[in-house]
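Visitor: Please take me slowly through one part of this model, beginning with the pairing of its strands and following the contacts from there. I would like each term to come with its cut-off, so that I can check the geometry myself.

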Amino acid sequence: MALANVFETPAPGFNFDNAGRNAALKGLFDGGQTPKPLKTGTTIAGVVFKDGVVLGADTRATSGEVVADKMCAKIHYISPNIYCCGAGTAADTEKTTDLLSSNLTIYSLNSGRNPRVVMAVNILQDMLYRYHGQIGANLILGGVDCTGNHLYTVGPYGSVNKVPYLSMGSGDLAALGILEDGFKPNLELEPAKELVRAAIQAGIMNDLGSGNNIDICVITKQGVDYIRPYRESQFKDKRKTKYKYPPGATPILTEKVVPLKLEVVQETVQQMETA
Amino acid sequence: IVPVAGFSPQGAYGVQDSLRSGFTSVKNELLPSHPLELSEKNFQLNQDKMNFSTLRNIQGLHAPLKLQMEYRAARQVIQRLPFLQSSNLALDTLRNSDESIGFEDVLNDPAHSEVMGEPHMMVEYKLGLL
């Protein structure tokens, strides 16, 4: 309700005042011209190998039928030993992973320990279940902690799965086919990277919502190797002309200069103590 | 339980006060406009209820009673008047929400609220005189 004076200050958090108005507006436009949220219609994949976890993602972000971002970063930092790939609504994955990262940083500052992957998964699960799927974030969390190498997936309604290899996003079926065929327990680093790359490549080739480059993130006990881009797409277009206007392109028709008269009203000098 | 708009109108004789809260619409008031609206309004209360009942089952009746007394002290006794800003430090410490960050810290911060309350009206509303 748009009142100038309210009886109590609005509660912090989500505000549903405009939800009724938005529903009415959606009916008015006939479902044709409402602005669509930026989705990451993606292929993301993860594989647990001998020394850690490999996460991979494509880099296309779509808004309806238009590619909105050709080089979007889908692998988000959670903590020095945990990274998260996000599919779904881009803003939701960004914000949720940011909040998760802040929470884990507060925890590790308080306790002096590196956060564990299960803690990240629990925080995410509580947060996403609370909003009953309205936050569209399909996440793959991978990390190495004192208990080993872990790979989890969290769905938008709060479902959690712990698996050695998985893929999410609109291209997940294509990627999963490659992963099912090529996965073996205790892979070495190079075959694991190659498997993830092939899985994301399958998603890019067979799904319209995924495309452009492939990013890879390798997490081991020693550290993190975030390779962006791991493989660039061969179909990059070259701009034939520059679109910047050269100086002097717009002719000046008239020019009028008005000098501003400023007069000194008051002058105070304050000595700085430089002793 | 936090009341939903329309079920207890604020005007005299139990009728909606058009001057203060605008026109009424039965559909708007009977049904919440968003599936999350009711669950979010009551979320903190429901969490507290769940936690207190678990605590009662584990440690006995005294534990939730003592805690609720402290909550009441932090919320009603120490709390400022409704139109003054308060950092809620005591309440946050009791609830352990000073060590976690969520959407309620990022979105719709009361410090940056766009609407202002008139102090007299707010105090009268809080005391139930309005």
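Guide: Strand 1 (residues 44–49) of chain A and strand 2 (residues 52–58) of chain A pair in the antiparallel sense over 6 bridges, where strands are DSSP runs of E with at least two residues, helices are runs of H or I with at least four, both being numbered from the N terminus, and two strands pair if DSSP finds at least two bridges between them. This is a predicted model, in which local features need pLDDT of at least 70 and side-chain atom pairs count only at pLDDT 80 or more, while totals for chains, interfaces and linings use all residues; side-chain values use heavy atoms, with hydrogens and water left out. Residues are numbered from 1 along each chain as its sequence is written, and chains are lettered from A and ligands numbered from 1 in the order in which they are written.

Strand 1 and strand 2 of chain A form a hairpin with 2 residues between them, and A:Val48 stands opposite A:Val53 in strand 2. Strand 1 of chain A also pairs with strand 10 (residues 165–168) of chain A, again in the antiparallel sense, over 4 bridges; there the bridge partner of A:Val47 is A:Tyr165 in strand 10. As for burial, 6 of the 6 residues of strand 1 of chain A are buried, that is, under 20% relative accessible area, with exposed meaning over 50% and partly exposed lying in between (1.4 Å probe, protein chains only). Both faces of this strand are covered, with A:Ile44, A:Gly46 and A:Val48 buried on one side and A:Ala45, A:Val47 and A:Phe49 buried on the other.

Elsewhere in chain A, 5 strands form an open antiparallel sheet in the order 5-6-7-8-9. Its edge strands, each pairing on one side only, are strand 5 (75–79) and strand 9 (160–162) of chain A. Neighbouring strands of this sheet are turned by 25° against each other on average, direction ignored; axes are lines fitted to C-alpha atoms, for helices over the stretch in contact, and angles run from 0 to 180 degrees between N-to-C directions. At one edge, strand 5 of chain A joins strand 6 through a hairpin of 2 residues, and these two strands pair over 4 bridges, with A:Ile75 having A:Cys85 in strand 6 as its bridge partner. Although strand 5 of chain A is an edge strand, 4 of its 5 residues are buried. Strand 6 (residues 82–88) of chain A is joined in turn to strand 7 (residues 137–145) by 7 bridges, and A:Tyr83 has A:Gly142 in strand 7 as its bridge partner.

Helix 2 (residues 90–111) of chain A packs on this sheet, touching strand 5, strand 6 and strand 7, and its direction makes about 15° with that of strand 5; contact means heavy atoms within 4.5 Å. Helix 3 (residues 117–130) of chain A lies across strand 6, strand 7, strand 8 (148–154) and strand 9, running at about 160° to strand 7.

A:Met127 lies in helix 3 of chain A and counts as buried because its relative accessibility is 10%. Leaving aside neighbours within four places in sequence, A:Met127 is in contact with A:Thr96, A:Leu99 and B:Phe103, the last of these belonging to chain B.

That contact leads to the interface, where 29 residues of chain A are in contact with 30 residues of chain B. The area buried between the two chains is about 3000 Å², of which carbon and sulfur atoms give 67%; buried area is the accessible area (1.4 Å probe) that two parts lose on being put together, summed over both. In chain A, A:Phe7, A:Phe16 and A:Arg130 lose the most area to chain B, together 28% of what that side buries. Across this interface there is 1 salt bridge, defined as a side-chain nitrogen of Lys or Arg within 4 Å of a carboxyl oxygen of Asp or Glu, and it brings together the side chains of A:Arg130 and B:Glu40 at 3.1 Å, N to O. Helix 1 (19–28), helix 2 and helix 3 of chain A are the elements that give two or more residues to the side touching chain B, and helix 2 gives the largest share, 6 residues.
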